[in-house]
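Student: I am new to this structure and would like to go through it slowly, one question at a time. Could we begin once it is in front of us?

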Amino acid sequence: MNPPPLRVAGVLLLLGAAGCRPEGWSAEELRLIRSLSPVPPPPPSPTNGVADLPEAAALGARIFTDPGFSIDGQTSCATCHRPDRAFTDGQRVADLGRGAGTRNVPTVLGAAWGTWFFWDGRADSAWAQATGPLLNPSEHATDAAAVHARVMAEYRAPMEALFGPLSGPAGDRPEQSLAQVGKVLEAFERTLPPPSTRFDRYVAALPAGGLFSPEEERGLRLFIGDAQCVSCHNGPLLSDRSFHTLGLPLPPTGQPDPGRARGATDVLRDPFNCRGEWADGAPGPQGCPELRYLDPSFPDWPAAFKTPSLRGVGQTAPYMHDGSMASLTEVLLFYNRLPGRAEIGHRELTLQPLRFQEADLAALEAFLRTMDAEP
Amino acid sequence: MRGARAVHACVLAGMLAQIGCTAETVAPPPEGDAPPPQEGVAGADTAWSELVTKNRKYRIRWRTSKPVVMGDLFSVETVLTGADGAPVTGGQVRVDARMPQHGHGMATKPEADPGVCATPDTCTHPEGRYRMDGMKFHMPGEWTVTFEVDGPAGSDRAEAVYRL
């Protein structure tokens, strides 16, 4: 790239005043890089009493691949969250023949580390999220009563072993079964950590080098430096767990997707949220601080979507919430030019065209591929 | 001097990454010096920092309840004293934060701890201690933390800069 003179001056000042070695990492850079790895244990799931029980995870694994929880008997979680594709489906948006979705299928790897779920954060736990696709008419298209019936027919004993006698065996409270299915699905997802990567080995070995090519190292330097990717892709998940507006083109329908503006409202009235009757531990309003302090009218929510993790990003194409970009190259070109404008909401002010040369974009992409899952 | 150096280091770090640097306290000027600082003060993680409000009506000591992690909720604790140094127990301190370079504030609605209340209308804050819950910094960079104070000497405000 050709940095503007001011930036050159800034970097020179930095090198001089902060004692950087041009061929190595400064103390601040090291601190920043180390903030991205390793991945800590997942935070607890306070509203799911079976979240960390192996029996629940095993049951969740069975249900994850059971197409019996769908209207056509052919759709399971694994239909779109394919284990052989990093738990994504490789499609722009899923189309199961019941009306195409509007958003790209996200991976479930690392879901346990999330705060908000779905691209718009309309669920506040992984178990609440798991109930959504079951009911979505474009996805499983089932309902609570059918879920309850399936549980009673196929899973009653193991579910009662986990949760006690089903209070509504006659199906008078089917939402309970729906919530419980969500909870065992979350228990299974908690066994799916974000991918371990060569980047993690590189960070663990610092300040020794050798695991990265010069191009990958340069990509990392750009990632935390001039490209400022780390402004949003930060922390061990390479995601700030927040929501931002990029100003992507309108979807084919021509109707802007409200994104977080709707998700923030929806999560507050979700019957499966932290305040709901199906949340374990009876946290009540005072025990659900994320909901309590959430501001659904935050002016930057329109058309904002959750920052995705970059762990394993090379395996989760296509990209963006609408799956509109087929490759990492395309994504980086978008950030390089930032064409268009936000149709609703407003693009993050700090998001400016990178205006990098091809070699720098290639270096960034090479660095991103160090996040590929290792066996 | 220590504070100035820390701020300088942060500016340098900001050129590189704008993340993960908190500056040290700049002590308020002695009584009688011209205008007290309203900015340039940052809260080091869980360490107390001190501010003088714009019109010198109050002194504020403040800290975060825990080291600030981006995207995690935290509280801001304040100790409010009058110009005479006596704790202000019957006041109000509302804390907010904005990112001036981004044009937005926090995506949460923080709430002030009501204090010790005999009735909802008669709350006090023993030893001048106040707390604002539900703060969250969801992006790295420079946050301007504002303190809106009400008390026996009237309203006043102060600002601090926090770099995350």
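The questions below turn from confidence to a sheet, a residue and a core.

Student: Which residues of chain A have a pLDDT that stays under 50?
Tutor: This is a predicted model, and chain A averages a pLDDT of 91, with 92% of the residues scoring at least 70. There is nevertheless a stretch where the pLDDT stays under 50, and for this stretch the model has 21 contacts beyond four places in sequence. That stretch of chain A is residues 1-23.

Student: Which strands are at the edges of the open sheet in chain B?
Tutor: Four strands of chain B form this open sheet with antiparallel pairing, in the order 5-4-10-11. An edge strand pairs on one side only, and in chain B this applies to strand 5 (104-105) and strand 11.

Student: Is Y162(B) buried or exposed?
Tutor: Y162(B) has its place in strand 11 (residues 154-163) of chain B, which pairs with strand 10 (residues 142-151) of chain B over 10 bridges. A residue counts as buried if 20 or more other C-beta atoms lie within 10 Å of its own. Because Y162(B) has 22 C-beta neighbours inside 10 Å, Y162(B) is buried.

Student: Which helix gives the most to the largest nonpolar core?
Tutor: The largest nonpolar core has 113 residues, and among those that touch the most other members are V184(A) and L185(A). The helix that gives the most to this core supplies seven residues, and it is helix 7 (residues 174-189) of chain A.

How values were computed
Residues numbered from 1 in each chain as written. Chains lettered and ligands numbered in written order. Predicted model: local features only at pLDDT ≥ 70, side-chain atom pairs only at ≥ 80, totals over all residues. pLDDT = per-residue confidence, 0-100. Contact = placed C-beta atoms within 7 Å. Helix = DSSP H or I, 4+ residues; strand = E, 2+ residues; numbered from the N terminus. Buried ≥ 20, exposed ≤ 12 C-beta atoms within 10 Å, placed from the backbone. Core = buried A, V, L, I, M, F, W, Y, C linked by C-beta atoms within 7 Å. Pairing = 2+ DSSP bridges.
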